[in-house]
Amino acid sequence: MLKIALVGFGNVGKSFTKVLINRAAELTRLGLEPCVVGVIASRGGLINDKCISSRMLMELVNKGLYNAFNFRVIDLMDLIKLKPDIAVVSIPPSYRTGEPNLTIYRLLMSEGTSVITADKTGLALAYWELINESKARGVFLGFTATVMAGTPVIQLIKGLRGRVVENIQGVLNATSNYVLTLVENGLTMSEAIKRAIEDKIAEPDPSIDLGGLDAAAKATILANVLGLNVSLRNVNVQSLMNLNDDYVKESTRRGVRIKQVASIDLPNRVISVKPMEVPVNSVLGSITGNYNALIIRLNDGREITVIGPTGPAEATAEVMFSDLLEYTDLLLTMGKRIKG
Ligand SMILES: NC(=O)c1ccc[n+]([C@@H]2O[C@H](COP(=O)([O-])OP(=O)(O)OC[C@H]3O[C@@H](n4cnc5c(N)ncnc54)[C@H](OP(=O)(O)O)[C@@H]3O)[C@@H](O)[C@H]2O)c1
């Protein structure tokens, strides 16, 4: 049996719950029947050490956690007392502090609970602390969904640790694509931002995406996976919200497009995110909508290019389920002794 805690029950948490229900048989076949012992959001949740049934979980997805008849004002410690093997964390954090997620990861890992997360800020602010803590505690830390969400580029980057990567450039934020395309097509920047919020592409506060912090956090994680020790706080970030409308509109006439580009210069340990001119027909220049792109340049002059979808929440949840499968692989390989 695999005891699972769901921490955060919004778009991603609910989508993950559906994936878990639909694919439970895959885990059961491995002898690791999933047992959700608790679901918690900001105001409480419910716990059941005998496992919350799939029927009840679907009811929580459809009717909302706070409408459950057995909803209680509980906190994370109540959940931790049930000793879950793994917690799936999907909570929006602060880009300045990484909280409440950082505290949640630390608490879970200190109690021997493994973690899967879609939040990028905790790892972008305290990558090596979290990695070292997970190793010291003998717990798994899965974060494949933090960068490009629906496209597991983290796994590709992990696979390149034995090679020498010179630099990486990427378009890592879909909201910026959406807004810049609207401006290219005639809207002013403020009209485009308003439209993106109405279309639910941008958050009500779009500054994290358009200001560059979201892409900066993703680039920081990639750099750390490749062995650098860098923090989101050291990334040079330049917003695209102050760009001149005419400059964006007229750029295509010159054969270029303005994109929010994240760059990692590995030998010099420099990460930046800023609006850049890229040729219209280049990989980065052709990315639109919900797609992201990454160009990885190796020291032998070769390039690896990845183009793939980022979210939505459903794809993010499926990639988090991939992390869960990786965790079960490790459990089985280690004779289920991974937990500290
Ligand atoms: N949406 C995507 O496609 C996507 C893709 C990649 C990564 N992510 C990341 O995934 C995370 C979650 O995104 P989302 O779209 O699911 O957000 P969301 O819909 O806003 O849901 C957030 C959930 O977290 C809960 N929460 C907030 N503070 C909490 C706390 N202190 N303790 C327990 N629960 C708390 C909220 O509780 P209430 O219900 O009470 O508000 C809500 O249930 C974010 O870090 C986001 O950056 C999302």
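Start by selecting S231, in the loop between helix 11 (213-225) and strand 8 (236-237). The model on screen is a predicted one. S231 is buried, with a relative accessible area of 14%. Now add K120 to the selection and draw the C-alpha to C-alpha distance, which is 12 Å. In sequence, S231 and K120 are 111 residues apart.

**The whole chain**

Zoom out and show the protein chain as a cartoon. Its secondary structure consists of 13 helices and 12 strands. Along the principal axes, the C-alpha trace spans about 65 × 45 × 35 Å. The radius of gyration is 21 Å, which agrees with the value near 20 Å that a compact globule of 340 residues would have. If you colour by accessibility, buried residues make up 52% of the 340 residues.

**The ligand and its shell**

Next, select the ligand and show the residues around it. There are 21 of them, and F9, N11, V12, S42 and Y66 come nearest. Sorted by type, the shell holds 13 nonpolar, 6 polar and 2 charged residues.

Which atoms of F9, N11 and Y66 should be picked for distances to the ligand? For F9, take the backbone: an N or O atom there lies 2.9 Å from a ligand oxygen. For N11, take the backbone again, where a polar atom is 2.9 Å from an oxygen atom of the ligand. For Y66, go to the side chain, which has an N or O atom 2.4 Å from an oxygen atom of the ligand.

Switch to a surface view of the ligand. On its own, the ligand has 910 Å² of accessible area, and the protein covers 71% of that. To see which elements supply the shell, colour helix 1 (11-22) and helix 13 (313-333); these are the elements that give two or more residues to it. Both helices are the next stops.

**Inside helix 1 and helix 13**

Select T17, which lies in helix 1. With a relative accessible area of 1%, T17 is buried. Show its side chain and the backbone of G13: a polar atom of the T17 side chain is 2.8 Å from the backbone oxygen of G13.

Then move to T328 in helix 13. Is T328 buried or exposed? T328 is buried, at a relative accessible area of 0%. For its side chain, look towards L325, whose backbone oxygen lies 2.7 Å from a polar side-chain atom of T328.

**The disulfide**

Select the cysteines C35 and C51 and show them as sticks. They form a disulfide, with the sulfur atoms 2.1 Å apart. The count for the model is 1 disulfide. Where along the chain do C35 and C51 sit? C35 is in strand 2 (residues 34-41), while C51 is in the loop between strand 3 (44-47) and helix 3 (54-63). The two are 16 residues apart, and the pair links distant parts of the chain. Turn the view to look along the S-S bond: the angle about it is -105 degrees, and the link is left-handed.

The two ends can also be viewed by accessibility. C35 counts as buried because its relative accessibility is 1%, under the 20% limit. C51, at 25%, is partly exposed.

**Backbone geometry in three loops**

Go to the loop between strand 4 (86-89) and helix 5 (101-110), where P100 is placed. Show the backbone of E99 and P100. A cis peptide bond joins them, with omega about 5 degrees.

Now select K83, in the loop between helix 4 (76-80) and strand 4. What is phi of K83 near? It is near 55 degrees, a positive value in a residue other than glycine. K83 counts as exposed because its relative accessibility of 52% is over the 50% limit.

The last selection is R269, in the loop between strand 9 (256-265) and strand 10 (270-279). R269 is not a glycine, and its phi is positive, near 55 degrees. Its relative accessible area of 48% makes R269 partly exposed.

Terms used
Residues are numbered from 1 along each chain as its sequence is written. This is a predicted model: local features need pLDDT of at least 70, side-chain atom pairs count only at pLDDT 80 or more; totals for chains, interfaces and linings use all residues. Side-chain values use heavy atoms; hydrogens and water are left out. A disulfide is a pair of cysteine sulfur atoms within 2.5 Å. Helices (H or I, at least four residues) and strands (E, at least two) are DSSP runs, numbered from the N terminus. Buried means under 20% relative accessible area, exposed over 50%, partly exposed in between (1.4 Å probe, protein chains only). A residue is near a molecule or strand if one of its heavy atoms lies within 4 Å of it. A polar contact is a pair of N or O atoms within 3.5 Å; within protein, one must be able to donate a hydrogen and the other to accept it, and residues adjacent in sequence count only if both atoms are side-chain atoms. Accessible areas come from the Shrake-Rupley method with a 1.4 Å probe; for residues, only the protein chains shown count as cover. Ala, Val, Leu, Ile, Met, Phe, Trp, Tyr, Cys and Pro count as nonpolar, Asp, Glu, Lys and Arg as charged, and the others, Gly among them, as polar. The radius of gyration is taken over C-alpha atoms; the globule rule is 2.2 Å times the number of residues to the power 0.38.
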